[in-house]
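Please open the viewer and set it to a cartoon view, with side chains ready to switch on. We will go from stop to stop, selecting a few residues at a time.

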Amino acid sequence: MFVLSEMKDNVRIPPWKFDLKQNDAVSEELNKKFANKVVLNVGLCICLFDITKLGESFIFPGDGASHTTVHFRFVVFRPFIDEVLLGKVKSSSRDGIHVSLGFFDEIIIPPEVLPEHSYFDENEQVWVWQFKTDESTHDLFIDPNEEIRFRVIGETFTDTIPDGPEVTNTDTSSETKEQRSPYIITGSINDSGLGLLSWWQNA
């Protein structure tokens with residue numbers, strides 16, 4: 001679930017931090033820049049692990065800060081494909097079940113990878129698994145805040161950096177730009193042992 005990612009960046013240290021040790025000042029700036037942010041094709045950065053190499057520092061004309069090329073390792077959240085994780089049901093919609101890990105909410109379990117004979121209850125706004133036995137059929141509701149075990153089957157990274165200033169056209173109606181998530185994990189519960197923990201407690 002968590003990995004160490006080797007990264008490289010040019011770190012700017014403002015003059016009022018020159019009294020700090022270089023490692024401390026650099027660590028503070030790196031955590032400020034990357035912690036709790038998604039880096040494209042890397043994952044969700046959690047915290048700095050260590051600094052592996054500090055390059056020479058330079059001060060450019062017109063800028064009193066120092067600039068240093070730094071090689072470092074960051075603790076990153078990026079589960080591998082087929083890894084089984086435990087989260088909580090955040091909400092449900094026709095698009096699927098939205099799951100949260102507490103620190104990361106962009107997890108979706110689409111309808112096609114729910115257990116067979118699942119349907120969306122419009123009144124309750126939840127997904128329901130119709131569990132069939134030889135004698136009868138039981139409706140198992142996938143309610144919010146229930147603990148759920150799922151398998152990671154995919155991930156999607158999206159570059160959310162703006163392309164540039166948008167040109168306003170007063171002649172046409174304004175369109176709301178869809179908010180995109182930089183990192184989305186796709187999960188599945190269509191397998192034995194997966195799904196709500198309550199389903200398997202007495203199994």
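**Stop 1: serine 188 and asparagine 190**

Start by selecting serine 188 and asparagine 190. A polar atom in the side chain of serine 188 lies 3.3 Å from the backbone nitrogen of asparagine 190. Bear in mind as you look around that this is a predicted model.

Now colour residues 183-188: this is strand β12, and serine 188 belongs to that strand. Is serine 188 buried or exposed? Serine 188 is buried, because its relative accessible area is 9%, and the cut-off for buried is under 20%.

**Stop 2: the sheet of four strands**

Next, go to the beginning of the chain and select residues 2-13, which make up β1. This strand belongs to an open sheet of four strands, arranged in the order β1-β4-β3-β2 with antiparallel pairing. β1 and β2 are the edge strands, each pairing on one side only.

Zoom in on β2 (38-39) and β3 (43-59). Two bridges connect β2 and β3 in the antiparallel sense. Show valine 38 and you will find leucine 44 of β3 standing opposite.

Between these two strands is a loop, and asparagine 41 is found there. What is the phi of asparagine 41? The angle is near 65°, a positive value in a residue other than glycine.

**Stop 3: the largest pocket**

Stay with Val38 and add Val39, Leu40, Phe157, Thr158, Asp159, Thr160, Ile161 and Pro182 to your selection: together they line the largest pocket. How much space lies in this pocket? The answer is about 190 Å³.

Try colouring the lining by class. Six of the residues are nonpolar, two are polar and one is charged. If you wonder how such spaces are found, rolling a probe the size of a water molecule over the atoms shows where empty space is left.

**Stop 4: β5 and its partners**

Now select residues 84-93, which form strand β5, and add β11; these two pair in the antiparallel sense over five bridges. Within this pairing, lysine 88 of β5 has glutamate 147 of β11 as its bridge partner.

Then add residues 96-100, strand β6, which runs antiparallel to β5 and is joined to β5 by five bridges. Here valine 89 stands opposite valine 99. How many residues make the hairpin connection between β5 and β6? Two residues link these strands.

While the side chains are on, remember that in a regular strand the side chains alternate between the two faces of the sheet.

**Stop 5: the sheet of three strands**

Move on to an open sheet of three strands in the order β8-β9-β10, again with antiparallel pairing. Its edge strands, pairing on one side only, are β8 (118-121) and β10 (137-142). On average, neighbouring strands here are turned by 30° against each other, direction ignored.

For the strand in the middle of that order, select residues 126-132, which are β9; six bridges join β9 to β10. One place to look is lysine 132, whose bridge partner in β10 is threonine 137.

**Stop 6: asparagine 145**

Finish just along the chain, in the loop between β10 and β11 (147-157), where you can select asparagine 145. Its phi is near 70°, a positive value in a residue other than glycine. Turn on the surface here: asparagine 145 counts as exposed because its relative accessible area is 59%, and the cut-off for exposed is over 50%.

Methods: Residues numbered from 1 in each chain as written. Predicted model: local features only at pLDDT ≥ 70, side-chain atom pairs only at ≥ 80, totals over all residues. Heavy atoms only, no water. Pairing = 2+ DSSP bridges. Axes fitted to C-alpha atoms, helices over the stretch in contact; angles between N-to-C directions. 1 Å grid on protein atoms, 1.4 Å probe; cavity = no way out; pocket = protein on both sides within 12 Å on 5 of 7 lines; lining within 4 Å. Points joined across faces, edges and corners; volume = space filled by probe spheres on them. Nonpolar A, V, L, I, M, F, W, Y, C, P; charged D, E, K, R; others polar. Buried < 20%, exposed > 50% of the residue type's maximum accessible area, 1.4 Å probe, protein only. Polar contact = N/O pair within 3.5 Å; in protein donor to acceptor, adjacent residues only side chain to side chain.
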